[in-house]
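Reader: I would like to go through the metal sites and the strand arrangement carefully, with each term given its cut-off before I rely on it. Could we take the structure one question at a time?

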Amino acid sequence: MSAKSSQTPSNATPTQVANGVYQLPLPTPFAVGDVNVYIIMDNDHMTLVDVGPYTEEAWLALNQGLQVIGKKLEDVDQIILTHHHVDHIGQLERVKQVTQTAVYAHPLAAPYVELNESFMQFHDQFFTRLYRECGMQEELLDVVKRYRGMMNKFQQKSSVDYWLEHEQVLPHLPDWQVIYTPGHSQSHLSLYRLADQVMIAGDHLIAHVSSNAFIEPPRDQSSTRPLTLVQYRTSLEMVAAMDVKMVFSGHGEPILNHRKLIMERLQKTWDRTADIRRYLHDGPKTAFELAALLFPKLYLKELPLVISETLGHIDLLVTVGQIKVDNREGVLYYQL
Ligand SMILES: [Zn+2]
Ligand SMILES: [Zn+2]
């Protein structure tokens with residue numbers, strides 16, 4: 001996520017997208033633009049799905065949006081988080097102070113929502129080491145600090161009260177089920193209503209842009225890092241197998257033909273692995289060198305994003321045995 005110079009003004013008008021479901025776009029300071037939060041009304045019980053970043057603009061837009069449908073933050077009965085990224089959860093604490101309600105999320109969201117000090121230290125060490133293994137020069141490693149600075153700016157420390165798991169029925173929403181869709185984030189949940197086959201999919205599937213399968217540290221020091229793109233493809237396939245009439249995303253417009261879009265996304269990842277194999281024809285390369293070749297205009301500006309994207313595709317190629325890894329004094333080189 002990169003900061004933009006100015007925030008796109010959001011019109012902060014909620015749209016009813018399904019029976020009892022309102023989509024409300026909130027402005028963010030990030031290149032991705034507005035983030036959609038959702039309001040689910042069920043028998044007068046009101047659920048807020050995601051809350052937006054910690055900015056004055058998002059705060060005003062959320063309050064104004066609720067007003068348009070004759071509600072206010074005090075009416076919210078529970079909060080559900082699709083995943084832990086700052087554009088979705090940044091202003092959770094401020095919202096919670098007013099709603100005084102329980103927050104539900106996947107257990108892996110908790111350390112990020114809490115900005116848990118020991119976990120975040122481990123997080124930073126993990127990325128410093130990862131970027132060194134990728135062959136990144138020492139002077140570029142301050143990206144780890146800058147990323148943390150971004151989190152601290154657009155997110156306040158908060159907490160998760162209850163954990164949600166795959167296939168669990170949502171509290172107070174008996175028609176809705178939790179679908180665990182890891183890949184874009186390890187904590188990523190989608191919400192599915194069987195009756196009319198609608199899904200609130202967070203950043204798992206977005207119409208106008210392919211979601212990044214962000215590299216994340218493992219849950220603790222004794223585990224290895226999850227292969228996020230491999231995981232993401234599995235989650236996409238799981239959703240493709242489900243009957244879904246409409247997908248509501250964390251950014252952009254609703255998706256009508258989810259299977260077609262998922263097939264395009266799956267195909268695109270294989271196309272990129274073909275690019276990587278082509279670049280490896282003239283000898284072994286590091287992930288950083290491959291990132292520079294794949295994203296020549298973007299790689300220095302969006303390091304965490306392009307390294308995630310590049311490593312994810314390398315993981316895919318390693319998983320199917322098409323490339324080999326060679327550890328040269330702590331830097332990993334890939335070859336055909
Ligand atoms: Zn996200
Ligand atoms: Zn997002």
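Reader: How are the donor residues of the zinc ion (ligand 2) spaced in sequence?
Author: This is a predicted model, in which local features need pLDDT of at least 70 and side-chain atom pairs count only at pLDDT 80 or more, while totals for chains, interfaces and linings use all residues; side-chain values use heavy atoms, with hydrogens and water left out. Residues are numbered from 1 along each chain as its sequence is written, and chains are lettered from A and ligands numbered from 1 in the order in which they are written. Donors are N, O and S atoms within 2.8 Å of the metal (3.2 Å for Na, K and Ca), and water is not among the atoms, so sites may look incomplete. On that basis the donor residues of the zinc ion (ligand 2) follow the spacing D-H-x114-D-x47-H.

Reader: At what angles do the four donor atoms stand around the zinc ion (ligand 2)?
Author: The zinc ion (ligand 2) is coordinated by Asp-87 (OD), His-88 (NE2), Asp-203 (OD) and His-251 (NE2), at 2.1 to 2.3 Å. Four donors count as tetrahedral if all angles lie between 85 and 135 degrees; four count as square planar and six as octahedral if opposite donors are over 155 degrees apart and all others between 65 and 115; anything else is irregular. The arrangement here is irregular because the angles subtended are 88 to 155 degrees.

Reader: How many residues apart in sequence are the parts that His-88 and Asp-203 tie together?
Author: Asp-203 coordinates both the zinc ion (ligand 2) and the zinc ion (ligand 1), which are 3.4 Å apart. Since His-88 lies in helix α2 and Asp-203 in the loop between β11 and α7, the pair ties together parts whose distance in sequence is 115 residues.

Reader: Which spacing do the donors of the zinc ion (ligand 1) follow along the chain?
Author: The zinc ion (ligand 1) is coordinated by His-83 (NE2), His-85 (ND1), His-184 (NE2) and Asp-203 (OD), at 2.1 to 2.3 Å. Its site, with angles of 91 to 170 degrees among the four donor atoms, is irregular. Along the chain these donors follow H-x1-H-x98-H-x18-D.

Reader: With which side chain does the side chain of Asp-87 make a polar contact of 3.1 Å?
Author: Asp-87, in helix α2, has 3% relative accessibility and therefore counts as buried (under 20% relative accessible area, against over 50% for exposed and in between for partly exposed, with a 1.4 Å probe and protein chains only). A polar contact is a pair of N or O atoms within 3.5 Å; within protein, one must be able to donate a hydrogen and the other to accept it, and residues adjacent in sequence count only if both atoms are side-chain atoms. The side chain of Asp-87 makes one such contact with the side chain of His-88, at 3.4 Å. The contact of 3.1 Å is with the side chain of His-251.

Reader: Is Gln-155 buried or exposed, and which backbone oxygen lies 2.7 Å from its side chain?
Author: Gln-155 sits in the loop between α6 (143–154) and β7 (162–163), and with a relative accessible area of 3% it is buried. Leaving out residues up to four places away in sequence, Gln-155 touches (heavy atoms within 4.5 Å) several residues, including Tyr-54, Val-86 and Leu-115. The backbone oxygen 2.7 Å from a polar atom of its side chain is that of Tyr-112.

Reader: What is the handedness of the crossover from β11 through α7 to β12?
Author: Helices (H or I, at least four residues) and strands (E, at least two) are DSSP runs numbered from the N terminus, and two strands pair if DSSP finds at least two bridges between them. An open sheet of five strands has the order β8-β9-β10-β11-β12 with mixed pairing, and its edge strands, β8 (169–170) and β12 (246–249), each pair on one side only. Strand β11 (residues 198–202) pairs with β12 in the parallel sense over four bridges, with Val-198 opposite Met-246 and Ile-200 opposite Phe-248. The β-α-β crossover between these two strands, judged with the strands pointing away from the viewer by whether the path from the first strand over the helix to the second runs clockwise, is right-handed.

Reader: At what distance does the side chain of Asn-116 reach the backbone nitrogen of Phe-119?
Author: Asn-116 lies in the loop between α4 (110–113) and α5 (117–133) and is partly exposed, with a relative accessible area of 27%. Its side chain joins that of Ser-118 in a polar contact of 3.1 Å. The side chain of Asn-116 reaches the backbone nitrogen of Phe-119 at 2.9 Å.
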